[in-house]
Amino acid sequence: MPYEISGDRPEILDVLIATKLSQNTTDKSSFRAFTNLKEKYGSWEKTADADLRSIRNAIKVCGLADTKAKEIKSLLKNLRKKFGSLDLEFMHDYSNGKIYGEFLSHKGFGVKTVSCVLIFAMGRDAFPVDTHVHRTLNRLGIVRTSSAEKTYESVKDIIPKGKKYELHSNLIKFGRNICKAKNPLCGVCFLYRQCRFEDKIKFREKDTPADTTENNFIILENI
Ligand code: SF4
C-alpha cells in the first residue's frame, strides 16, 4: 500500500538528485540548489548535457558543489546511456532489491539516497537512515552502532510494516529540534526516562535555549 505523502509524488530522478544535493547541508539550502537546477535547465536531459561549471554554479549554495555537480552529471549521462532516456517511470515495476542494485552502482549514491527514492518517489516501505536517525536511535539505546549504514542494517527488518516512513520523518524532526547533535534539550525531552544516553543528566541541567523554533522543513516532502 503506497504512502500518502501530501501533494503529487515526485519523480524518481527528482528524489535522487534532491537527496544528493542535501548531503552535508541543510534542507533549505539544498532545496534552493534543486530549484536553481530546475529553473536553469528545465529538464534532467538538458542538465545531463550542461557544462559542468554551469551546474556547479547553479548548486553552489548547498556546498560540496564540485563533487555534487560531477556525480549528478555522471549519473544522468550513465542512466541515459543505459536506458535510452531519463524517463525512469518503468522502474516502478522493479523490486526494491533491483532498485538498490541499479542506483548503488553510481558513484556518490548510497543506501540512504536509494531508500529515499523508495519511500518518496515509489511509496515503498523503506527506512533511510541519516545523521539524525542514526544519532537518536543510538542515544535512546535502540542500537549501538558506529555508522548510519550499520544502524540501517540493524533496524531495517525490525520496524513494523507500514511504519518506516512515519518513524523516519519523526526521528529527523526529533533530532533537529530536541535531540540535537551538540546540545540536546534533555530537560524538555519526553523520552528522557527511556533514554540511555550517558550524558543526559548533564544536558538536562543546562538551560533550554530561548529560541526553540522548530526546523521541520524536509526537502523530499516539498519537491
Ligand atoms: S533525553 Fe536527551 S539524549 Fe535522550 S533522547 Fe532525549 S534529548 Fe536525546
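The exercises below work through a predicted model of a protein, moving from its confidence to its domains and then to its cavity and ligand.

**Exercise 1. Find where pLDDT stays under 50, and decide how that part should be read.**

Step 1: Begin with the protein as a whole, for which the mean pLDDT is 93, while 96% of the residues reach 70 or more.
Step 2: Then turn to residues 1-5, over which pLDDT stays under 50, although the model has 14 contacts for them beyond four places in sequence.
Step 3: Where pLDDT is low, the predicted coordinates should not be read in detail.

**Exercise 2. State which domains the protein is assigned, and how many residues each brings to the contact.**

Step 1: The domain assignment gives domain 1 as residues 1-124 and domain 2 as residues 127-223.
Step 2: Taken over C-alpha atoms, the centres of domain 1 and domain 2 are separated by 25 Å.
Step 3: The contact takes 20 residues from domain 1 and 18 residues from domain 2.

**Exercise 3. Describe the largest cavity, and work out where the ligand sits.**

Step 1: The count comes to 1 cavity of 30 Å³ or more, and about 100 Å³ of space lies in the largest cavity.
Step 2: This cavity is lined by 13 residues, of which Phe174, Cys179, Cys186, Cys189 and Cys195 are the closest to its centre.
Step 3: Sorted by class, the lining has 12 nonpolar, no polar and 1 charged residues.
Step 4: The ligand sits in the largest cavity, and the residues that surround the ligand include Arg139, Leu140, Ile178, Pro184, Tyr192 and Phe197.
Step 5: Sorted by class, the shell around the ligand has 10 nonpolar, no polar and 1 charged residues.

Methods:
Residues are numbered from 1 along each chain as its sequence is written. This is a predicted model: local features need pLDDT of at least 70, side-chain atom pairs count only at pLDDT 80 or more; totals for chains, interfaces and linings use all residues. Side-chain values use heavy atoms; hydrogens and water are left out. pLDDT is the predictor's confidence in each residue, from 0 to 100. Contact means heavy atoms within 4.5 Å. On a 1 Å grid over the protein atoms alone, a cavity is a set of points where a 1.4 Å probe fits but cannot get out, and a pocket is an open set with protein on both sides within 12 Å along at least five of seven lines; lining residues have an atom within 4 Å of a point. Grid points are joined across faces, edges and corners, and a volume is the space filled by probe spheres set on the points. Ala, Val, Leu, Ile, Met, Phe, Trp, Tyr, Cys and Pro count as nonpolar, Asp, Glu, Lys and Arg as charged, and the others, Gly among them, as polar. A residue is near a molecule or strand if one of its heavy atoms lies within 4 Å of it. A molecule sits in a cavity or pocket if more than half of its atoms lie within 2 Å of its grid points. Domain bounds come from an automatic or database domain assignment.
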